[in-house]
Structure formats: C-alpha cells, structure tokens
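Trainee: I'm new to reading protein models, and I'd like a close look at one single part of this one. Please pick a part and take me through it slowly, residue by residue where that helps.

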Amino acid sequence: MKKYITDEKTGISYTLVGDVYLPNLVSTETNYKIGHWGQRHRDYIKQHHKVLYNSLLTSCNLNSYLHDVDVRASEMFDRLVNQLKEQQGITEQLKADNMMDWVRAMNSIANQAREVVDNEIICSKGGV
C-alpha cells in the first residue's frame, strides 16, 4: 500500500497510518481574539443558523468571520453612542453638574445603541 494518496475528486491527501488512511488536515484558521459582540453572534448562529455555523466551522473560517462581526459591531456601537450623545445634548458639563442624570442618560443611550447593533448585526444571519 502507498504511504501517501490523494483523492482526485476532493483534492484531499491522505497518509497511511497502520492499516488506515488518515486525511492530512491543516488548519488555516487565524486565531483572532473574539470579543463580546463576536461571541454573542456565534451563540446566535450556533442556535438559529446551524448550517451556516457548521459550514464556517468546517471550512476554518469561523474565527475570522466572528472577528469581522466583532469589529463591525464595536465600531457601530461606538458610533451610535457618540451620535446619540450629541443628539441628546449629553455633555461633560452635565456629568460635572449632575452625575446621576448623566449616568441615567448614558445607560439609556447604551441600551438604544445595543438594541440597534443586536438587530442589525448580531441577530442577523449574515452578520458581515
């Protein structure tokens, strides 16, 4: 028996180990750190879009996909918070004058931004 063979149909090469041919699989997946948004999207597609999740996982694209989602969601969240602060007139002066009103307003803004990011990116099948 040959030590190495390649399946013409799939292009996968195999190595003979004992009496069994094992595929020569190499992970091409990068190891980006996945943040809060990427983890939430992973949980969402894992539960609601299993085919997409398994496809990304088996093609070694899950990590880079989740990294892209995480970056986009973080940028969108930060941009929305800044826009909403400006629209609602939340300033550092308010923070200095009345800390509780500022905290209340910032929590409200963060919740609004989080809801938009969830709807647009996180709970979307094609997050990217």
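Mentor: Let's settle one definition before we start: a residue is called buried when its relative accessible area is under 20%, exposed when it is over 50%, and partly exposed in between. Keep in mind too that this is a predicted model.

The part I'd pick is helix H5, which runs over residues 99–122. Its buried residues are Trp-102, Ala-105, Met-106, Ile-109, Ala-110, Ala-113, Val-117, Asp-118, Ile-121 and Ile-122. What sits on top of them? The cover includes H1, H3 and helix H4, the last of these spanning 92–97.

Let's take H3 to begin with, since two of its leucines show us how it touches H5. Helix H3 covers 62–88, and Leu-84 has its place there. With a relative accessible area of 14%, Leu-84 is under the 20% cut-off, so it counts as buried. If you ignore its neighbours within four places in sequence, Leu-84 is in contact with Ile-109, Gln-112 and Ala-113. Look back at the buried residues of H5 and you'll find Ile-109 and Ala-113 among them. You can also check a backbone distance here: the C-alpha atoms of Leu-84 and Ala-105 are 9.9 Å apart, with their positions 21 residues apart along the chain.

Now go to Leu-80, another residue of H3. Leu-80 is buried as well, because its relative accessible area is 16%. Beyond the neighbours within four places, Leu-80 is in contact with Ala-113, Val-116 and Val-117. So Ala-113 turns up in the contacts of both Leu-84 and Leu-80. As for the backbone, 8.6 Å separates the C-alpha atoms of Leu-80 and Val-116, which are 36 residues apart along the chain.

Next comes H1, and here charge enters the picture. As a general point, side chains of opposite charge can pair when their charged atoms come close. A search of the whole structure turns up four salt bridges. In one of them, the side chains of Arg-40 and Asp-118 meet, at 2.9 Å from N to O. That pair links distant parts of the chain, with Arg-40 in helix H1 and Asp-118 in H5, 78 residues apart. Is each partner buried or partly exposed? Arg-40 has 28% relative accessibility, so it counts as partly exposed. Asp-118, at 15%, is buried.

H5 also has a salt bridge with both ends in the helix itself. Arg-104 pairs with Asp-101, and their closest N and O atoms are 2.8 Å apart. Why do these two suit each other? They are three residues apart in H5, so about one helical turn separates them. An α-helix has 3.6 residues a turn, so residues three or four places apart point the same way. Arg-104 counts as exposed at 51% relative accessibility, whereas Asp-101 is partly exposed at 33%.

Towards the end of H5 you reach Ile-121. Its relative accessibility is 2%, so it counts as buried. Try setting Ile-121 against Leu-52: the two are 69 residues apart in sequence, and 15 Å lies between their C-alpha atoms.

Leu-52 gives us a way back to H1, so let's finish by seeing what else that helix does. The axes of H1 (residues 36–48) and H2 (residues 50–58) come within 5 Å and cross at roughly 115°. On the H1 side, the contact is made by Arg-42, Ile-45, Lys-46, Gln-47 and His-48, and on the H2 side by Lys-50, Leu-52, Tyr-53 and Leu-56. Sorted by type, they come to four nonpolar, two polar and three charged residues. Arg-42 has another role as well: its side chain meets that of Asp-43 in a salt bridge, 3.4 Å from N to O. Arg-42 is partly exposed at 27%, and so is Asp-43 at 42%.

So, back to H5: its buried residues have H1, H3 and H4 among their cover, and the Arg-40 to Asp-118 salt bridge links H5 to H1.

Conventions: Residues numbered from 1 in each chain as written. Predicted model: local features only at pLDDT ≥ 70, side-chain atom pairs only at ≥ 80, totals over all residues. Heavy atoms only, no water. Axes fitted to C-alpha atoms, helices over the stretch in contact; angles between N-to-C directions. Helix = DSSP H or I, 4+ residues; strand = E, 2+ residues; numbered from the N terminus. Contact = heavy atoms within 4.5 Å. Nonpolar A, V, L, I, M, F, W, Y, C, P; charged D, E, K, R; others polar. Buried < 20%, exposed > 50% of the residue type's maximum accessible area, 1.4 Å probe, protein only.
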